Amino acid sequence: MSTAIIAAPERRAANRHPLMLIAIWAALLTVPLWLPFLGGYTALAGRVLVFGLAAMGLNLLLGFTGVLSFGHAAYFGLGAYGAGLTLRYVVHSTPVAMLAGTLLGGLAGTLFGLLIVHRRGVYFAMCTIAFGQLWYYLAYSWNSFTGGFDGLRDFHREPIGFGLFTLDITQGGNTFYYFLLAIFAVAAAVMGLVLRSPFGRTLIAIRENERRARFLGIPVEQHIWLSFSISCFFTALAGTLYALLNNFADPMALHYSLSGYFVVMTVIGGMRTFWGPLLGAAVFVMLQDYISSMTVNWMSFIGVIFILVVLFFPRGLLGTRQRSAS
Amino acid sequence: MAQVILFNVTNGLIIGAFYVLMALGLSLILNLSNVINFAHGNFLALGGYLAYALSPTLGYWGALVVSPLLVGFIGLVVERLMIRRIYNRDPVYSLLLTFGLAFVMQDIARYIWGPNGLPLGLPAVLAQPISNNLFFITWYRIFMVAVVIVSVAGLFAFLRYTRIGLRIRAGTLDLETVATLGINVRHLRTFNFAVGCFLAGLSGVLAAGQIGLNPNMGDDLLMPSFIAIIVGGVGSLIGTLFGGLLIGMAAALTTVFYPSASEAVIYGMLMAVLLLRPRGLIGEEGMMS
């Protein structure tokens, strides 16, 4: 326990290491230049950003507050459906769709969070799983409105007008990738500010020792609730980007297996690190893309990855790196 | 109308019985080991498939007995090889582990027995309806409910009157003290996990006779079982029993009047319980936190 507390500031310092930041952003900015040489395509990089953002949102709760949600696909999917439904039925505007989806997912999480903040550990997780499946069944069975099992189609992202010029993101490719990257950058900056604020430091205090935090007079439940809520907003934002990326929203975006993917991405990259989930998402998306093109038994491989990560690699990529550095 | 309602009440009873068997196994493991077993539905499917594989040689009755025992044994091996390594770690690891295990088990079942549905043959006695008027109630349905009642009663008697059962109940309340008293908690947890898997295997054999076999047959039962546990009250097996029956009945009765809402009713009950009575209908105060 004591080593964990001492190690926390070092970990943060490592996260802010300028060289690492420069490396990450340089890699992200130059994706269209080098990804084709690795056999990837730009849409794959978009997927990494979207899942990475969702997993980073989850990690605010999982890694930095120490509270386990296994139902974050619900807020991701609500974001996706919120954006898709807005574009299809209400107004042909990308920013409005993103706002609507983010609000839908974030507010659903905020309200649900109120019900479960007193739960801990696996019981908290179980409530989040069960509640998440509610939305899956809703999207699945409300055929006329959501498209049911086949998913929501017949919408597409719209060009964004900025007064003087118009950003045309309707084509895939680099323009849309940089659009995603810009949103990702803003979200990551906001998340970084939240975590560096006194509020964020309090979350880490709760993670390290909830009882001590309580004795210090910190309203623990309120902090966990806020953390859950903020985390859901980020994940919902990622969900809206997912709908824009695919011009499609399907019930699997709400399914608990996607929640499991988010958690495993976070763990692969390193639960208590800021950039870990992005790295984990990159590894996971690439592996999944590769494996599912190689074999029909991809589920076994994904399952084996889960098991191996848990048994032999629980600290994740960035987690081990930092331990060896310190 | 009376027949429709009767039909759905028996349906509810049967579905509820499946939820109960499955949720009791999950609940046993959750209470003692603090692990949510995502692969529980896959142990259920495994029970069904093993019965399918064994019934040509052992007959239906032989398969009904042997298959759940085999599933329990496989559960024991899985616990010793994997699950026990993560007991002292953050709960996120146990969820990921059983989640990955569920994927692997489902894929293995698909690989061996194929992705399409398979029927499990029933003895002629069981396949007949009990009378012409009640043509929709086969003897098999009565038999299923009877087996569930007997095994649930057996489980409760086991927990109540045997030494191991007593230790399992004590471990649920305070594992540390039980360990301090010189009881081998590792063996206790292994055995308990195997019992949970045995129950899943048994409900798998029963379910296979009713709805047939397919690799993801357990998935549809998993989520209602979670909800049965939360609604009934975490930490209370009696609560799980009532929770399972309650949501089975509620879903079946909703089917009479508004079929597409039958899933929604289950989730509605979940929300109502979380909102109005967070510890569950029969749960003990503080078990959930």
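**Exercise 1.** In this predicted model, find what covers the buried residues of H6(B), and then work out how those residues are arranged around the helix.

*Solution.* Begin with the surroundings: the cover over the buried residues of H6(B) includes helix H1 (2-33), helix H5 (139-161), helix H7 (175-180) and helix H8 (185-211) of chain B. Next, identify the residues beneath that cover, which in helix H6 (residues 163-173) of chain B are B:Arg167, B:Ile168, B:Gly171 and B:Thr172. When the helix is viewed down its axis, these buried residues fall within an arc of 140 degrees, and therefore they line one face of H6(B). Finally, turn to the other side of H6(B), where B:Arg163 and B:Leu173 are exposed.

**Exercise 2.** Describe the side of chain A that touches chain B, starting from the residues that each chain gives to the contact.

*Solution.* First, count the residues: chain A gives 36 and chain B gives 34. Second, locate the elements of chain A that supply two or more residues to this side, namely helix H6 (94-116), helix H7 (121-141), helix H13 (256-269) and helix H15 (298-312). The largest share, 12 residues, comes from H7(A). Third, sort the residues of this side by character, which gives 26 nonpolar, eight polar and two charged.

**Exercise 3.** Decide how compact chain A is for its 326 residues.

*Solution.* Start from the makeup of chain A, which has 16 helices and two strands. Its radius of gyration is 19 Å, close to the 20 Å that the globule rule gives for 326 residues, so chain A is as compact as a globular protein of that length. As a further step, note that 49% of the residues of chain A count as buried.

Conventions: Residues numbered from 1 in each chain as written. Chains lettered and ligands numbered in written order. Predicted model: local features only at pLDDT ≥ 70, side-chain atom pairs only at ≥ 80, totals over all residues. Contact = placed C-beta atoms within 7 Å. Helix = DSSP H or I, 4+ residues; strand = E, 2+ residues; numbered from the N terminus. Nonpolar A, V, L, I, M, F, W, Y, C, P; charged D, E, K, R; others polar. Arc of directions from axis to C-beta. Buried ≥ 20, exposed ≤ 12 C-beta atoms within 10 Å, placed from the backbone. Rg over C-alpha atoms; globule rule 2.2 N^0.38 Å.
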